[in-house]
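User: Please go through the packing and the charged pairs of this model with me.

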Amino acid sequence: MKRLLTLLLIFVVYFGTIPTIHANPSNYRIFLDGKIVTLQSTPRIESNTLMVPAVPLLKKLGYTAAVDPDIPDRVKISNSNNSITFVMGAKNIYINGKEIRMPISSKSYNGVTYLPLRAISQAIGRPFGSNPTEQYAWIGVAPTKNQKIPPELQGKDFRNAVWGMTVQQIKRSETLPLVNTVTELDDYDSNMYYTYLDYKGEYNGYKAVYTYILSGKNKNSTKLIDGQILFPEKFSNMQNYIDRFFKISSKMQLAYGAPVNTERPRGRDQSKWAEDLSLGNLSLTDYYNVGRNSYYIRLYKSMHAEYPQLDILVSQR
């Protein structure tokens with residue numbers, strides 16, 4: 001019976017159903033010691049208070065979560081020096097046994113435990129701040145004022161657009177020069193149209209083409225579903241493509257944190273990667289989750305293509 005109770009409490013901590021936040025999801029980006037962190041769940045705004053997923057954020061600081069089998073709904077998050085305990089739905093939180101009153105009670109949203117960012121800051125004894133205008137918040141060391149936030153993270157889904165926008169709305173939101181527009185039928189579905197809007201620009205200092213990908217059954221009312229950042233520069237040396245892939249991915253890590261997954265050739269000598277790429281036998285991919293978006297940078301070459309392709313695909317998770 002006690003084991004069953006423990007399992008039920010674990011379910012409440014990680015997948016709990018009480019109480020649930022009826023709050024608006026936000027586009028706030030969270031920085032930890034000056035670097036943006038990737039959280040699987042979106043921050044929320046409730047009663048003008050920024051609520052963040054407590055366990056995922058604290059895990060990035062070395063904390064672990066546990067449940068108390070003797071006290072229903074009590075959560076304990078701790079490391080070797082600090083202990084944070086609270087009961088789901090209560091406004092009080094205990095930091096190493098000392099009680100602190102929160103402005104809003106702890107909550108659960110989509111099975112994830114949320115606490116006010118201010119309470120987490122107090123609990124770990126580190127400063128915090130926020131910028132409502134640019135929609136970012138931080139704990140520890142604040143991001144520098146001249147730190148460049150990638151356009152893809154400026155509160156939008158892709159560049160200056162939001163998923164579901166029409167061609168006309170995208171053209172009004174985009175400031176880069178439009179270089180090409182194509183609308184065509186899907187090769188496999190004669191009832192589905194795709195529209196591609198290509199804009200010329202740069203990404204982290206490299207020449208790039210931003211492509212808005214829209215789809216719909218009506219040729220004149222397609223809507224934004226995906227984005228692509230293509231790096232069009234060509235090299236005669238295959239190693240240059242590989243080097244460019246890793247340089248861009250390393251810059252993405254500075255903005256988005258470590259990739260959630262990578263794909264690399266297994267059992268292959270890296271000294272032969274350039275040769276493999278030229279033959280179409282090599283592909284490299286890094287996956288990133290940023291808010292509600294998935295980003296993956298990929299390098300590959302089709303066997304019949306003259307040059308490899310290096311791009312970043314952006315889609316809604």
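The turns below cover the cores, one buried polar residue and two salt bridges.

Analyst: This is a predicted model, with local features needing pLDDT of at least 70 and side-chain atom pairs pLDDT 80 or more, while totals for chains, interfaces and linings use all residues. Residues are numbered from 1 along each chain as its sequence is written, and side-chain values use heavy atoms, without hydrogens and water.

User: Which helix gives the largest share of the largest nonpolar core?

Analyst: A nonpolar core is a set of buried Ala, Val, Leu, Ile, Met, Phe, Trp, Tyr and Cys residues joined through side-chain atoms within 4.5 Å. The largest one has 39 residues, with Ile 248 and Met 252 among those with the most contacts inside it. Its largest share, 8 residues, comes from helix α5 (residues 238-256; helices are DSSP runs of H or I, at least four residues, and strands of E, at least two, numbered from the N terminus).

User: Is Gln 228 buried or exposed?

Analyst: Gln 228 sits in strand β18. Buried means under 20% relative accessible area, exposed over 50% and partly exposed in between (1.4 Å probe, protein chains only). At 13% relative accessibility, Gln 228 is therefore buried.

User: How many residues apart in sequence are the parts tied together by Lys 107 and Glu 46?

Analyst: The two form a salt bridge (a side-chain nitrogen of Lys or Arg within 4 Å of a carboxyl oxygen of Asp or Glu). Lys 107 lies in strand β11 and Glu 46 in strand β4, so the parts they tie together are apart in sequence by 61 residues.

User: What is the N to O distance in the salt bridge of Asp 33 and Arg 126?

Analyst: Asp 33 is partly exposed at 34%, and Arg 126 is partly exposed at 27%. Their side chains meet at an N to O distance of 2.6 Å.
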